[in-house]
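Colleague: Please take a close look at the surroundings of the ligand. Then place them in the whole chain.

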Amino acid sequence: MATRVLVVDDDLNIQRVLVFALKQEGYEVTVAADGAAGVEMALDAKPDLILMDVAMPKLDGYAATQQIRAAEKGVGRIPIIMLTSEADVEQRVRGLRAGADDDIVKPFHPLELMARIKALLAQAGGPAVAKAGAEAPTLGKLCLFYPAKGGVGTTTIAINTAIALAREVKRRTLLIDANLQFGDLRVFLDLGLDTPSLVSAISEPDLDLDLFRTMMVSHRSGIDLLLAPPTPAAADIVVERQRAAPAVLSNMLSLSRRLYDYTLIDMSQAIDDVNLQLFDEADVIYVVMTADLSCLKNVPLVLDTMDSLGYEKSKVQLVLNRSNAYTGINVSNAESALGRKIDYQVINEYRGAISALNSGEPFMSSRADAPLSKSVLAFAKAIDKALAVEAVPARA
Ligand SMILES: Nc1ncnc2c1ncn2[C@@H]1O[C@H](COP(=O)(O)OP(=O)(O)O)[C@@H](O)[C@H]1O
Ligand SMILES: [Mg+2]
């Protein structure tokens with residue numbers, strides 16, 4: 001049976017162009033000339049996908065999308081692509097809020113539209129889902145490392161925890177660098193600028209398990225990596241794609257959960273759209289802090305934000321790095337200032353951390369017996385114990 005697409009647009013020329021292009025690709029096409037008719041036909045005929053214009057008589061594209069979403073009540077969700085007239089961020093965000101899955105700015109090239117359509121249809125239950133059945137089951141946990149401020153050791157902990165999980169706990173582990181503009185993993189792990197990055201994963205409209213596998217860099221330490229964009233300018237591509245189609249990032253993360261026991265993400269401190277989506281999707285958020293006044297000021301702000309997002313208390317955990325460094329504030333001072341307990345601690349060992357950093361070889365690989373490595377290993381084992389409750393046993 002042909003895939004059925006409903007075009008909702010009042011402009012005769014656009015209708016003609018779309019019908020022609022879609023039919024050439026083998027789609028079955030129906031047309032509604034205003035928003036109200038669009039809602040009716042969508043709910044009656046349940047097409048496989050809807051192309052929805054924004055500015056239309058009777059009911060505009062936002063309202064029509066909202067009505068369709070309300071009527072669906074979350075079941076049998078039909079993918080909707082908004083046809084917007086301006087690359088205006090506010091307009092695009094409004095479309096996504098109304099319940100659209102993607103948008104495309106007029107005038108667009110038919111080839112781009114076709115690529116977007118295919119991507120959305122694939123996510124809505126296409127090949128990626130079908131192939132998953134053949135995979136060995138994974139724990140599929142998504143863990144974020146989020147800094148209370150820059151420089152507290154978030155990247156150091158994320159990398160070495162990932163290596164400990166892979167080597168010592170025998171879990172399949174992926175580390176993603178989501179410091180989009182200034183990711184450090186390339187230098188920390190001694191990799192070149194030409195290695196693939198998040199940009200390739202997020203720009204690929206037909207991302208499925210097989211394709212996603214080809215994008216990961218496998219590192220000699222035993223972990224797989226998905227690096228940050230090579231330049232700050234390339235970071236914009238990721239930001240733009242996430243804004244236009246959050247579903248693409250969701251899809252990528254769910255593929256990652258299928259392939260790995262643990263997906264760890266090294267984050268930046270920003271509270272922006274990308275990070276908010278990561279917060280939402282995560283199983284646990286490890287907030288990395290040190291015992292100093294600026295962290296003691298920031299951590300309550302972070303906890304309040306998480307609270308207002310409606311997360312369970314247990315989703316947000318505090319990791320005190322350099323816990324035994326002399327700062328004049330000890331662990332119990334910090335806990336009473338925060339009014340909650342600190343969940344995990346990693347010790348301070350400046351020389352070990354810095355020499356590993358400058359040699360491009362993480363201490364967990366190069367000096368597994370050092371006190372700092374043992375401290376991070378204890379952290380990795382503790383989080384695995386907490387997260388792997390319903391788990392498949394680790395590989396032998
Ligand atoms: N537990 C630790 N003991 C000593 N030095 C540390 C520790 N953790 C991190 N560092 C050092 O702190 C600096 C900042 O670490 P980094 O991981 O880049 O922080 P962030 O990602 O939060 O900006 C680095 O020089 C690193 O070697
Ligand atoms: Mg960092």
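Modeller: The ligand shell comes first, then one loop residue, then the overall fold. This is a predicted model, in which local features need pLDDT of at least 70, side-chain atom pairs count only at pLDDT 80 or more, and totals for chains, interfaces and linings use all residues. Residues are numbered from 1 along each chain as its sequence is written, while chains are lettered from A and ligands numbered from 1 in the order in which they are written.

Ligand 1 is surrounded by 19 residues (C-beta atom, placed from the backbone, within 6 Å of the ligand). The closest are Gly153, Thr154, Thr155, Thr156 and Ala353. Two elements, α7 (154–167) and α16 (350–359), each give two or more residues to this shell. Helices are DSSP runs of H or I with at least four residues, strands are runs of E with at least two, and both are numbered from the N terminus. The largest share, 4 residues, comes from α16. By class, the shell holds 8 nonpolar, 8 polar and 3 charged residues. Here Ala, Val, Leu, Ile, Met, Phe, Trp, Tyr, Cys and Pro count as nonpolar, Asp, Glu, Lys and Arg as charged, and the others, Gly among them, as polar.

Now the loop. Ala368 sits between α17 (363–366) and α18 (371–387). Its C-alpha lies 9.1 Å from that of Ala164, although 204 residues separate the two in sequence.

Finally, the whole protein. Its secondary structure comes to 18 helices and 13 strands. The C-alpha atoms fill a box of roughly 70 × 40 × 40 Å along the principal axes.
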